[in-house]
Amino acid sequence: MDSLPPAKRRRESKDGETEASTLSPVVIFAHGAGAPSSSDWMQRWKNMIKEALRAVDVVTFDYPYMSAKKKAPPKAEKLVEFHSNFVKETATKYPGHPLILAGKSMGSRVGCMVASMKDINVSAVVCLGYPLKGSNGAVRDETLLQLTVPTMFVQGSKDGLCPLEKLETTRKKMKAPNELHVIDGGDHSFKIGKKHLQANNSTQDEVEDVAVLAIAAFISRSLER
């Protein structure tokens with residue numbers, strides 16, 4: 001898999017001249033509502049993202065309700081403080097490295113809330129299956145409209161929680177630079193039916209590889225801004 005050229009910034013050398021310094025990004029990857037960071041899906045995407053972005057690390061965590069073994073998560077707003085504190089702790093461990101917030105479904109929504117906080121400094125946000133529609137069917141676009149950092153959406157075309165036409169309407173209203181990669185035939189977790197894959201002479205792995213490369217290209221452009 002081709003990978004992302006690491007981020008570059010300038011630093012002062014001892015004699016006062018500027019010289020190039022190569023710093024790879026750090027990705028903070030949040031899980032969705034129903035499965036922890038140790039799930040097969042999260043681990044597979046963690047490894048793919050780390051390879052494609054040549055990240056110094058892809059850090060995962062579990063929201064507190066997971067360890068409490070509660071059946072349902074609290075409202076996303078109640079997870080922001082925990083998520084933001086984890087981001088701050090990670091930033092202190094990797095000073096100078098660009099921070100990327102990534103998330104699966106609910107984790108991406110909370111990540112977007114965190115990215116909008118005044119005391120949080122991130123370079124980009126990656127949303128894997130953003131849950132644009134709430135449980136009552138209403139479009140939840142307020143969080144996205146507050147964003148100012150570059151935002152990447154990866155969405156399955158058959159994801160009932162994020163109809164593509166509604167996402168397109170929201171993207172046009174967003175202040176933040178944003179891009180969309182559609183996984184044709186994919187559901188909320190990007191799973192594609194066998195018949196669809198056969199009809200397109202493709203495999204699940206190939207489709208996901210293309211998606212990860214799209215993420216890497218987006219992050220590369222975002223870090224050059």
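1. Helix 6, outer face. In this predicted model, the exposed residues E165 and K172 sit on the face of helix 6 that is turned away from its buried side. Helix 6 spans residues 164-173, and its buried residues are L167, T170 and R171. These buried residues cover an arc of only 100° around the axis, so they lie on the same side of helix 6.

2. Helix 6, inner face. What do the buried residues of helix 6 pack against? Their partners are helix 5 (142-146), strand 7 (151-156) and strand 8 (178-183). The buried set includes T170 and R171 as well as L167.

3. D141. This residue belongs to the loop between strand 6 and helix 5. Is D141 buried or exposed? Its relative accessible area is 13%, and it counts as buried because the cut-off for that class is under 20%. Setting aside residues up to four places away in sequence, D141 touches L132, T170 and K173. One of these, T170, is also among the buried residues of helix 6.

4. Helix 1, length and buried residues. Helix 1 runs over residues 40-53 and has 14 residues. From its first C-alpha to its last it reaches 20 Å, close to the 20 Å expected at 1.5 Å a residue. The buried residues of helix 1 are W41, M42, W45, M48, I49, A52 and L53. Viewed down the axis of helix 1, they fall within an arc of 135°, so they line one face of the helix. The general background is that an α-helix has 3.6 residues a turn, so residues three or four places apart point the same way.

5. Helix 1, packing. Which elements meet the buried residues of helix 1? Four strands and a helix are involved: strand 3 (26-30), strand 4 (57-61), strand 5 (99-104), strand 6 (124-128) and helix 8 (204-223).

6. V58. This residue lies in strand 4, one of the elements against which the buried residues of helix 1 pack. V58 is buried, with a relative accessible area of 1%. Leaving aside neighbours within four places in sequence, V58 is in contact with V27, F29, K46, I49 and K50. Of these contacts, I49 is one of the buried residues of helix 1. For a distance across the model, the C-alpha atoms of V58 and F190 are separated by 20 Å, and the two residues are 132 residues apart along the chain.

7. R54. Just after helix 1, R54 takes a positive phi of about 50°, although R54 is not a glycine. The residue is found in the loop between helix 1 and strand 4. R54 is partly exposed, with a relative accessible area of 41%.

8. N201. Here too there is a positive phi of about 50° in a residue that is not a glycine. N201 is in the loop between helix 7 (194-199) and helix 8. At 72% relative accessibility, N201 counts as exposed because the cut-off for that class is over 50%.

9. F86. The place of this residue is in helix 3. At 17% relative accessibility, F86 counts as buried. Its contacts, leaving aside neighbours within four places in sequence, are I28, V59, T60 and F61. The C-alpha atoms of F86 and T60 are separated by 9.7 Å, while the two residues are 26 residues apart along the chain.

10. Largest pocket. How much space lies in the largest pocket? The value is about 380 Å³. Its lining is made up of 18 residues, and A76, M106, R109, S135 and R140 are those that lie nearest its centre. By class, this lining has 9 nonpolar, 4 polar and 5 charged residues.

11. Second largest pocket. The volume of this pocket is about 160 Å³. It is lined by 13 residues, of which A91, H97, L99, N121 and V122 lie nearest its centre. Which element gives the most to the lining of the second largest pocket? Helix 3 (residues 80-93) does, with 3 residues. The lining divides into 7 nonpolar, 4 polar and 2 charged residues.

Methods:
Residues numbered from 1 in each chain as written. Predicted model: local features only at pLDDT ≥ 70, side-chain atom pairs only at ≥ 80, totals over all residues. Heavy atoms only, no water. Helix = DSSP H or I, 4+ residues; strand = E, 2+ residues; numbered from the N terminus. Expected span 1.5 Å × (residues − 1). Buried < 20%, exposed > 50% of the residue type's maximum accessible area, 1.4 Å probe, protein only. Arc of directions from axis to C-beta. Contact = heavy atoms within 4.5 Å. 1 Å grid on protein atoms, 1.4 Å probe; cavity = no way out; pocket = protein on both sides within 12 Å on 5 of 7 lines; lining within 4 Å. Points joined across faces, edges and corners; volume = space filled by probe spheres on them. Nonpolar A, V, L, I, M, F, W, Y, C, P; charged D, E, K, R; others polar.
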